[in-house]
Amino acid sequence: MEKTRTIRLEDLSTSQEMDLVGSGDRNLTILSECLQTELSFRDGVFTMHEDSDQKEEQLREVLQALVAAVKKGHAISEQDVIYACRLA
């Protein structure tokens, strides 16, 4: 049975959250495809429907890298998401 896991993002503005998930949630879709799991984002919380502790840890690593970039004012591209996924 799948678990629902959540990761709350702290200290991001609404515009930073939007940069993170991408226009039309494109970055979120890429991240979901990369991790091969269902992801959603709402009100600063990523929700993952997954039993795997490993995939949760991968998501945390990717988000840590992307959030750091967003906080530095970097606009997150699809390529950034793909690159972060490959490194995790």
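Biologist: Leaving aside its neighbours within four places in sequence, which residues is histidine 74 in contact with?
Modeller: Bear in mind that this is a predicted model: local features need pLDDT of at least 70, side-chain atom pairs count only at pLDDT 80 or more, and totals for chains, interfaces and linings use all residues. Residues are numbered from 1 along each chain as its sequence is written, and side-chain values use heavy atoms, with hydrogens and water left out. Contact here means heavy atoms within 4.5 Å. With those sequence neighbours set aside, histidine 74 touches Ala69 and Asp80.

Biologist: Where does histidine 74 lie?
Modeller: Helices (H or I, at least four residues) and strands (E, at least two) are DSSP runs, numbered from the N terminus. Going by those runs, histidine 74 falls in the loop between helix H3 (53–71) and helix H4 (78–87).

Biologist: Is histidine 74 buried, partly exposed or exposed?
Modeller: The cut-offs are under 20% relative accessible area for buried, over 50% for exposed, and in between for partly exposed (1.4 Å probe, protein chains only). Histidine 74 has 40% relative accessibility, so it counts as partly exposed.

Biologist: What separates the C-alpha atoms of histidine 74 and aspartate 53?
Modeller: Along the chain these two are 21 residues apart. In space, their C-alpha atoms are separated by 29 Å.

Biologist: And what separates the C-alpha atoms of serine 15 and valine 70?
Modeller: Serine 15 is in helix H1, and its 46% relative accessibility makes it partly exposed. Valine 70 is 55 residues away along the chain. Between the two C-alpha atoms, the separation is 9.7 Å.

Biologist: In which order do the elements of the chain run?
Modeller: There are four helices and three strands to place. Starting at the N terminus, they go β-α-α-β-β-α-α.

Biologist: How do H1 and H2 sit, parallel, perpendicular or oblique?
Modeller: The axes of H1 (residues 14–21) and H2 (residues 26–35) come within 5 Å and cross at roughly 50 degrees; axes are lines fitted to C-alpha atoms, for helices over the stretch in contact, with angles from 0 to 180 degrees between N-to-C directions. Under 35 degrees counts as roughly parallel, over 145 as roughly antiparallel, 65 to 115 as roughly perpendicular and the rest as oblique. Therefore H1 is, relative to H2, oblique.

Biologist: Which residues make that contact?
Modeller: H2 brings Arg26, Asn27 and Leu28. From the H1 side come Asp19, Leu20 and Val21.

Biologist: Which residue in the loop between H2 and strand E2 (38–42) should I look at for its positive phi?
Modeller: Most residues other than glycine have a negative phi. In that loop, a residue that is not a glycine has a positive phi of about 55 degrees. At 65% relative accessibility it counts as exposed. The residue is glutamine 36.

Biologist: What is phi of aspartate 43?
Modeller: Aspartate 43 belongs to the loop between E2 and strand E3 (45–49). With 66% relative accessibility, this aspartate counts as exposed. Its phi is positive though it is not glycine, near 50 degrees.

Biologist: What radius of gyration does the chain have?
Modeller: The radius is taken over C-alpha atoms, and the globule rule is 2.2 Å times the number of residues to the power 0.38. For 88 residues a compact globule would come out near 12 Å, and the chain agrees, with 12 Å.

Biologist: What percentage of the residues is buried?
Modeller: The C-alpha trace spans about 40 × 25 × 20 Å along its principal axes. Out of the 88 residues in the chain, the buried share is 42%.
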